[in-house]
Amino acid sequence: MKDCYLGLSTSGHDPALALVDQSGNVIFAEATERHVQLKRAWGISPDHPDHLRSLSNLIDRKTNIQISRTWMAAKSLPGKDAHENSLFPPTDFNWLYKHQNRAFDDAGIHVAQFQGKDINKINDFDHHLCHAVNASYNAPFDSGLCIVIDGEGEVGSLSIFLLKNRELKRIGRAWGPGSFGSYYSWLTQLCGFDWRLGEEWKVMGLAAFGRPNEEMVTLLKKTIQIKSGKPYPSSQLTLHELTLAAKKFMRLPGEDIMKAADLAASGQAVYAFWIDEILKYCQKYEQENLILSGGCALNSSYNGTIKHRFQYKNIFVPSAPADDGNALGSALLSWMKDSQTQKIPSSNGTPYLGTNINNNKLEKKISHIAKYGGFSRITDIGNKSASMVAKMLSEGKIIGVIRGRAEFGPRALGNRSILADPRSPQIKEIINERVKGREAYRPFAPIVPDNRVSDYFLNDQPSPYMSFTIPWKGKMLNQIPGVVHKDGTGRLQTVNSSSNPWLNDLLLEFEKITNTPILLNTSFNVMGKPIVHSIEDAMAVLVTTGLDAVLIENVLIEK
């Protein structure tokens with residue numbers, strides 16, 4: 001057995017590190033983009049040297065490390081036929097593959113330098129299997145159907161696994177072209193956004209402002225066809241012809257965003273149609289639990305529609321279903337290989353697996369801030385932090401929070417969040433103008449106690465990682481307008497006293513003041529930047545925006 005197992009995400013984008021100990025416990029998992037403060041961290045080594053050194057409290061030169069990668073091999077550059085079956089031009093296609101090749105080949109070089117010795121062997125694992133193991137590890141049940149949907153694995157964009165007693169068996173996969181992830185990235189480009197920056201979320205938000213257009217839907221459906229639950233390229237037109245035909249719907253640079261609203265709605269409707277066809281096909285497996293993974297599992301708008309239309313009792317999406325999460329999947333697979341077991345370990349469900357605020361250095365940094373920061377008040381509020389922050393939020397203050405360990409995955413779940421009172425009709429505009437600088441049509445998320453969801457939402461289901469967008473009950477639409485989207489939905493985060501005790505206490509304290517146990521939650525960043533990673537990152541946002549205060553652990557820094 002090794003001292004630890006280091007999983008490296010080697011897709012060329014969204015690099016991440018994950019550490020598993022000798023007992024199969026995940027002790028660290030974090031996307032590199034937060035550490036380097038570069039969105040999606042394209043082209044950055046999967047074991048970035050500075051990110052690796054930040055783990056010196058967990059690994060050192062003497063640690064016996066087993067490294068693993070999230071692909072079976074570096075991908076061969078595609079030929080002419082592959083280009084003809086791609087929605088992207090050859091330059092983009094080659095760019096993607098070269099990034100993946102470089103990440104795959106570079107994996108481990110900084111570990112070797114860090115430890116001063118050669119790496120003997122690296123374990124390589126099937127890309128979709130990494131997705132499935134990551135998701136199954138976090139799932140709150142031992143058996144179910146696991147569906148992986150992304151841009152591309154070794155041979156296709158879809159894999160279907162059966163999880164039984166914590167053991168996975170692949171029971172279906174797509175072979176060759178026909179990619180849901182590539183389709184949505186292409187749709188993102190048509191809408192005038194940038195898929196390289198992960199702006200597919202903008203399409204989902206914009207879709208609520210439009211209506212599916214019959215002509216657009218008919219055209220978009222021709223990109224993929226579903227046969228026996230698997231995607232294939234359409235045979236009605238070549239993809240080159242389709243991309244040319246779609247250009248008339250494209251939003252050009254500088255044009256009003258709302259011009260793309262119907263296109264976004266049409267594209268989302270087509271995506272939903274395809275995944276519905278897959279879920280209908282999978283009904284034959286007669287499973288009551290469904291696990292979704294892969295980058296497409298971040299489509300919370302679609303995810304929230306599944307439960308009330310299909311037979312699944314429980315639906316689960318991990319906090320990091322995309323390629324950053326595969327670092328965790330590959331580390332677990334390495335441990336399982338060494339342990340000679342097919343059983344996936346069980347998680348305690350926490351997404352808080354990233355960097356912790358170093359309390360040993362916190363006092364020194366706070367003293368430095370007090371001396372040079374020019375802030376009006378710096379207060380250690382101790383065990384009163386939940387009640388004091390609740391009072392400030394009820395008074396209309398916008399507060400950034402950086403406490404405990406960072407969330408693993410793309411969403412801020414209370415430990416690296418900006419919080420506000422959702423009752424104000426103007427709060428969305430205020431946050432966008434003063435702090436975030438992002439488009440007005442994009443929604444903010446509500447945090448709700450998990451035992452109160454049915455009081456406020458039509459479809460009651462747990463959503464600890466903001467994986468599901470579901471409709472509010474009509475009575476709530478005017479009470480908390482800050483977290484109601486255009487279509488009357490909210491992408492909720494559910495919490496309880498076990499999952500995040502401080503955040504749960506904050507909701508209870510806020511309810512004492514306002515009779516509303518709901519808060520607005522958005523990621524602690526400004527538009528175009530990753531979520532803050534360090535105290536310095538948090539203070540930079542406070543200084544350069546209209547944020548009113550930042551809570552660092554239990555220290556409140558006010559302007």
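Which residues are linked in a network of salt bridges? The legends below start with that network. The model is predicted.

**View 1. Four residues share a network of salt bridges.** The members are Glu199, Lys202, Glu439 and Arg442. Salt bridges link them in this network. Across the whole structure, a search finds 27 salt bridges. The next three views each show a salt bridge between two side chains.

**View 2. Asp126 and Arg173 form a buried salt bridge.** The N to O distance is 3.5 Å. This pair links distant parts of the chain, 47 residues apart. Asp126 sits in the loop between strand S5 (122-124) and helix H6 (127-138). Arg173 belongs to strand S8 (residues 167-173). Both residues are buried. Arg173 has another neighbour to look for: it lies over the face of Trp175. From Arg173 to the ring centre of Trp175 is 4.9 Å.

**View 3. Lys343 meets Glu167 in a salt bridge.** Here the N to O distance is 3.9 Å. Lys343 lies in the loop between helix H13 (326-339) and strand S13 (352-356), while Glu167 lies in strand S8, so the salt bridge ties together parts 176 residues apart in sequence. Are these two side chains buried, exposed or partly exposed? Lys343 has 39% relative accessibility, so it counts as partly exposed. Glu167 has 34%, so it also counts as partly exposed.

**View 4. Glu558 and Arg377 join two strands.** Their side chains meet in a salt bridge, 2.9 Å from N to O. Glu558 is in strand S23 (residues 555-558) and Arg377 is in strand S14 (residues 377-380), so the pair ties together parts 181 residues apart in sequence. The two partners differ in exposure. Glu558 has a relative accessible area of 12%, so it is buried. Arg377 is at 48% relative accessibility and therefore counts as partly exposed.

**View 5. Trp42 and Trp195 make an aromatic pair.** The structure holds 13 aromatic pairs, and this is one of them. The ring centres are 6.1 Å apart and the planes stand at 80 degrees, so the pair is edge-to-face. Planes over 60 degrees apart count as edge-to-face. Both tryptophans lie in loops. Trp42 is in the loop between helix H1 (32-36) and helix H2 (49-53), and Trp195 is in the loop between helix H7 (180-190) and helix H8 (200-207), so the pair ties together parts 153 residues apart in sequence. Both Trp42 and Trp195 are buried.

**View 6. Tyr183 and Trp274 pair between two helices.** This aromatic pair is edge-to-face. The rings are 4.6 Å apart, centre to centre, with 75 degrees between the planes. Tyr183 is in helix H7, and Trp274 is in helix H11 (residues 261-282). The pair links distant parts of the chain, 91 residues apart. Tyr183 is at 0% relative accessibility, so it counts as buried. Trp274 is buried too, with a relative accessible area of 1%.

**View 7. Seen more widely, Tyr183 and Trp274 belong to one aromatic cluster.** Phe180, Tyr184, Trp186, Tyr271 and Tyr302 are also in this cluster.

**View 8. A lysine sits over a tyrosine ring.** The lysine is Lys227, and the ring belongs to Tyr232. The charged end of Lys227 is 5.6 Å from the centre of that ring.

Terms used:
Residues numbered from 1 in each chain as written. Predicted model: local features only at pLDDT ≥ 70, side-chain atom pairs only at ≥ 80, totals over all residues. Heavy atoms only, no water. Helix = DSSP H or I, 4+ residues; strand = E, 2+ residues; numbered from the N terminus. Buried < 20%, exposed > 50% of the residue type's maximum accessible area, 1.4 Å probe, protein only. Phe/Tyr/Trp six-rings, centres within 6.5 Å; stacked < 30°, edge-to-face > 60°. Lys NZ or Arg CZ within 6 Å of the ring centre and 35° of its normal.
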